[in-house]
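Colleague: Could you walk me through how the labels in this model come about? I would like to see each value set against its cut-off.

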Amino acid sequence: MFDGIRIFSSDVFWRQILADLGAVVLDGPNTADVNMDVLDIPRPIDIMDLQVAILNAMDRSKIIRKVFGRPVSLSPMQEQIIAILEKSGGVGANDLKVALGYSPDAATHAVDTAIYQLRHKYGRDFILQNNGIYTIGRI
């Protein structure tokens, strides 16, 4: 779930959980993508809520620069979508809604609208959907 994400935590409890979820657990915060010590995450926490908190805490500008090859101006939701898709390698529509803080059954079109806007601005092949899984395509 957190494959490749570099996370620092001084808490032994969090270090074990994060390692079990595939994160690279660091001994210091300087090179970490996320510093758990400053997030104030309550325990117990649902795994999806933990994922949302960590993805929101990451510096998305690095991911945006990697995907586009330069800094670009996007809405916060568009940044979150790109960060989630890039880090996960692909995610289902309901999981994407949950990662963005919505219920999978929510009657909202906010996520669909953000994806439509990204496709409109960067081309139909920018956000792909194959067998219900969204992925980053090509610009």
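Modeller: Gladly. Let's begin with a definition: buried means under 20% relative accessible area, exposed means over 50%, and partly exposed is what lies in between. Please keep in mind that this is a predicted model.

Colleague: Why is Phe13 called partly exposed?

Modeller: The relative accessible area of Phe13 is 38%. Partly exposed covers the range between 20% and 50%, so Phe13 gets that label.

Colleague: And what makes Trp14 count as buried?

Modeller: Trp14 has 7% relative accessibility. The limit for buried is under 20%, so Trp14 counts as buried.

Colleague: How do you know that Phe13 and Trp14 form an aromatic pair, and why is the pair called edge-to-face?

Modeller: A pair of aromatic rings is described by the distance of the centres and the angle of the planes. Ring centres must lie within 6.5 Å, and planes over 60 degrees apart count as edge-to-face. Phe13 and Trp14 are 5.4 Å apart centre to centre, with 70° between the planes, so both conditions are met.

Colleague: Then why is the pair of Phe68 and Phe126 called tilted?

Modeller: Their centres are 5.3 Å apart and their planes stand at 40°. Stacked needs under 30 degrees and edge-to-face needs over 60, so this pair is tilted. Phe68 is in helix α3, while Phe126 is in the loop between α6 and β5, so the pair ties together parts that are 58 residues apart in sequence. Phe68 is buried at 11% relative accessible area, and Phe126 is buried at 0%. Ring pairs also link Phe68 and Phe126 with Tyr122 into a cluster.

Colleague: What makes β2 and β3 edge strands?

Modeller: The open sheet has 3 strands in the order β2-β1-β3, with parallel pairing. β2 and β3 each have a single partner strand, so one side of each is left without a neighbour in the sheet.

Colleague: How do you know that β1 and β3 pair?

Modeller: Two strands pair if there are at least two bridges between them. Strand β1 is joined to β3 by 2 bridges, so the condition is met. Ile7 stands opposite Val34 in β3.

Colleague: One last one: why is Ala57 called partly exposed?

Modeller: Ala57, which lies in helix α2, has a relative accessible area of 30%. That value falls between the limits of 20% and 50%, so partly exposed is the label. Among the residues that Ala57 touches is Val34.

Methods: Residues numbered from 1 in each chain as written. Predicted model: local features only at pLDDT ≥ 70, side-chain atom pairs only at ≥ 80, totals over all residues. Heavy atoms only, no water. Helix = DSSP H or I, 4+ residues; strand = E, 2+ residues; numbered from the N terminus. Phe/Tyr/Trp six-rings, centres within 6.5 Å; stacked < 30°, edge-to-face > 60°. Buried < 20%, exposed > 50% of the residue type's maximum accessible area, 1.4 Å probe, protein only. Contact = heavy atoms within 4.5 Å. Lists of a residue's contacts leave out its neighbours within four places in sequence.
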